[in-house]
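Biologist: I have some questions about how terms are applied here. Please show the structure before we start.

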Amino acid sequence: MPEGPEVECTRLSLRRFEGKKIVKIELTKLSQKYKKYEGKQKIFDVFIGKTITEIERKGKFLIWNFDFSKVILNHLGMSGHWIISEGADVPTHIIHPKIKILFKNESKIAIFEDARNFGQFRIYDTYQDVINYLPIKKLGSDGLKVPFPQEAFAEKLKLKKNANKEIGRILLDQTLIAGIGNIYKSESLALAKINPLRLVKKLKPEEIERLGSSISIVLHKAVDSMGSSIQSFRTSTGEEGSAQKWHKVYAKAGFDCDSCGNEIIRIVQDKRSTFYCEKCQV
DNA sequence: CAGTAGACTTGGTCCC
DNA sequence: ACTGACCAAGTCTACT
């Protein structure tokens, strides 16, 4: 569940554990097959008995704060997601559990399942160390910020290094606006009716403004869509959210555009798919 | 400094 | 049916 809105939904559901004391953060048997987790159990044992004070989000990162200085920085990667499950054991239908968290006075556990194993856990001595971590430090304004940071967005687009790039490439740059992923990149451009191949320097101020507003609308709508299904956390596999129901272009290559009937096409930018309608997006 | 290829990894589809 | 190629919500590191 990896774009900004999905991470935000994850944060909202994990907030039930704020104020809860950690019994154990357990690296699963399966996790030990991978270098990134192998032999790291000790490092997580320092959280035993500590209480979660706040789980926050910066872009697509989750930051776990406790009642002592250490902090966990967690990224879901491509396939990582948190499952809240009743009972102390990982249900058998969860095939890629990497981390399990048990809490005091809490009948539910939190399970980090990550099929592709791109998820990240980094532990820092202090909050300041997290802030100094370059990928965090360099994050642009959050795309879910209200009101949308139009000025900061426009300023970054004016930077020399961005001027000659295609807008469809640059939207994934987390230092520009944090939280946009590959789906909402295409969807934002579709809503703004801007062709992903347009060069940043050729965009008119009103188009940049429209794109900013579109990003904001799309990301918030995504939170709302996912939010509805993430509430019903009983099934871990059925919690898809409903955002895909209103996608205009993402993964719709070969289908007709809802607005004009023209065929949606797929192109590749920076090795990532971009979907758009050539007629509607100019 | 910027830009980019490669690394990490499993699973689904036969498409884009 | 089976197989191999390709693709997928992302970021980090090392190299030019």
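Modeller: What follows is a set of questions about terms, each answered from a value and its definition.

Modeller: This is a predicted model, where local features need pLDDT of at least 70, side-chain atom pairs count only at pLDDT 80 or more, and totals for chains, interfaces and linings use all residues. Residues are numbered from 1 along each chain as its sequence is written, chains are lettered from A and ligands numbered from 1 in the order in which they are written, and side-chain values use heavy atoms, with hydrogens and water left out.

Biologist: Why is C9 called buried?

Modeller: Buried means under 20% relative accessible area, exposed over 50%, and partly exposed in between, with a 1.4 Å probe and protein chains only. C9 has 1%, so C9 is buried. C277 is also at 1%, so the term applies there too.

Biologist: Why do C277 and C260 not form a bond?

Modeller: A disulfide is a pair of cysteine sulfur atoms within 2.5 Å. The sulfur of C277 has its closest cysteine sulfur in C260, at 3.5 Å, so the pair is too far apart for a bond. The count by this rule is zero disulfides.

Biologist: What makes R272 a polar contact of DNA strand C?

Modeller: A polar contact is a pair of N or O atoms within 3.5 Å; within protein, one must be able to donate a hydrogen and the other to accept it, and residues adjacent in sequence count only if both atoms are side-chain atoms. A polar side-chain atom of R272 is 2.7 Å from a phosphate oxygen of DNA strand C, so the pair meets the cut-off. For M78, a polar backbone atom lies 3.4 Å from a base nitrogen of the strand.
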